[in-house]
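Reader: I should like to go through this structure by asking on what grounds each description is given. Please set the values against the criteria as we proceed.

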Amino acid sequence: MKQYAIKRNNVNKMVAVLNYDEKEKQYTIDVPEGICEREVPMLVSAFLKKGVRHVDNEWSMKWVQSRIIPSSRQNIGEILRVNGMESYDEHMLLLKNEGRSCQDEFYVEAM
């Protein structure tokens with residue numbers, strides 16, 4: 001199991017943990033106590049509003065996929081080549097751009 005801190009660009013504070021099971025190729029997200037819904041990514045805040053601090057694989061994968069180039073991208077072969085990849089790998093793409101998105105200020109960092 002690999003773990004990555006989910007952080008904000010302007011604040012060097014871990015707001016959640018992205019867990020990755022290499023064998024199952026599945027993600028989960030855990031939010032530590034003391035972190036409130038306005039500090040986390042929007043998808044995760046919906047869970048916190050319900051008092052849920054553990055996000056299951058289905059929704060964690062949706063968060064990851066929202067942060068990487070989709071496999072259906074028109075020039076995906078060229079993108080993979082430029083990134084030194086022979087095949088599409090969601091996890092490797094996530095790590096290559098630190099999970100950054102133009103939609104928000106969150107990123108992932110190895111723990």
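Author: The model is a predicted one. A suitable place to begin is α1, whose face turned away from its buried side carries the exposed residues M42 and K49.

Reader: Which residues of α1 are buried?

Author: V44, S45, F47 and L48 are the buried residues in α1. Each of them is called buried because the term applies under 20% relative accessible area.

Reader: What puts these residues on the same side of α1?

Author: The arc they cover around the axis is only 155°, and therefore they lie on the same side of α1. In an α-helix there are 3.6 residues a turn, so residues three or four places apart point the same way.

Reader: Against what do the buried residues of α1 pack, and what follows the helix?

Author: They pack against β3, β4 and α2. After α1 comes G51, which has a positive phi, near 85°.

Reader: What is the order of the strands in the sheet, and how are they paired?

Author: The open sheet consists of five strands in the order β4-β3-β2-β1-β5, with antiparallel pairing.

Reader: What makes β4 and β5 edge strands?

Author: Each of them, β4 at 54–55 and β5 at 106–110, pairs on one side only. Helix α2, residues 57–65, packs on this sheet and touches β1, β2, β3, β4 and β5. The direction of α2 makes about 95° with that of β3.

Reader: How do you know that β1 and β2 pair?

Author: Pairing requires at least two bridges, and seven join β1 (residues 2–8) to β2 (residues 11–21). The two strands therefore satisfy the criterion. Among the facing residues, K7 stands opposite M14, and R8 has V11 as its bridge partner. The strands form a hairpin with two residues between them.

Reader: How many bridges join β2 and β3, and in which sense do they pair?

Author: Five bridges join them in the antiparallel sense, so the requirement of at least two is met here as well. N19 has T28 in β3 as its bridge partner. This hairpin has four residues between its strands, and K25 in the turn has a positive phi of about 55°.

Reader: Why is the contact of R8 with E105 called a salt bridge?

Author: The closest N and O atoms of R8 and E105 are 2.5 Å apart; the cut-off is 4 Å, so the pair qualifies. R8 belongs to strand β1 and E105 to the loop between α4 and β5, so the pair ties together parts that are 97 residues apart in sequence. E105 has a relative accessible area of 26%; this falls between 20% and 50%, and E105 is therefore partly exposed. The structure holds eight salt bridges.

Reader: What does the salt bridge of K13 with E39 tie together?

Author: K13 and E39 have their closest N and O atoms 2.5 Å apart. K13 lies in strand β2 and E39 in the loop between β3 and α1, so parts that are 26 residues apart in sequence are tied together.

Reader: Are K13 and E39 buried or partly exposed?

Author: E39, at 16% relative accessible area, is buried because the value is under 20%. K13 has 34% and is partly exposed.

Reader: Why does R67 count as buried?

Author: Its relative accessibility is 4%, and the term applies under 20%, so R67 counts as buried. R67 forms a salt bridge with D104, the closest N and O atoms being 2.6 Å apart. D104, at 28% relative accessibility, counts as partly exposed.

Reader: Which residues have the most contacts inside the largest nonpolar core?

Author: They are I6, L18 and I29, in a core of 26 residues. At least two core residues come from each of β1, β2, β3, α1, α2, α3, α4 and β5, and β2 gives the most, with four residues. The residues that L18 touches, beyond those up to four places away in sequence, include I6, I29, W63, L94 and V108.

Reader: How do you know that H91 is buried?

Author: The relative accessible area of H91 is 7%; this is under 20%, so H91 is buried. H91 is found in helix α4 and, leaving aside neighbours within four places in sequence, is in contact with Y4, Y20 and Y27.

Key: Residues are numbered from 1 along each chain as its sequence is written. This is a predicted model: local features need pLDDT of at least 70, side-chain atom pairs count only at pLDDT 80 or more; totals for chains, interfaces and linings use all residues. Side-chain values use heavy atoms; hydrogens and water are left out. Contact means heavy atoms within 4.5 Å. Axes are lines fitted to C-alpha atoms, for helices over the stretch in contact, and angles run from 0 to 180 degrees between N-to-C directions. A salt bridge is a side-chain nitrogen of Lys or Arg within 4 Å of a carboxyl oxygen of Asp or Glu. Buried means under 20% relative accessible area, exposed over 50%, partly exposed in between (1.4 Å probe, protein chains only). The arc is that of the directions from the helix axis to the C-beta atoms. A nonpolar core is a set of buried Ala, Val, Leu, Ile, Met, Phe, Trp, Tyr and Cys residues joined through side-chain atoms within 4.5 Å.
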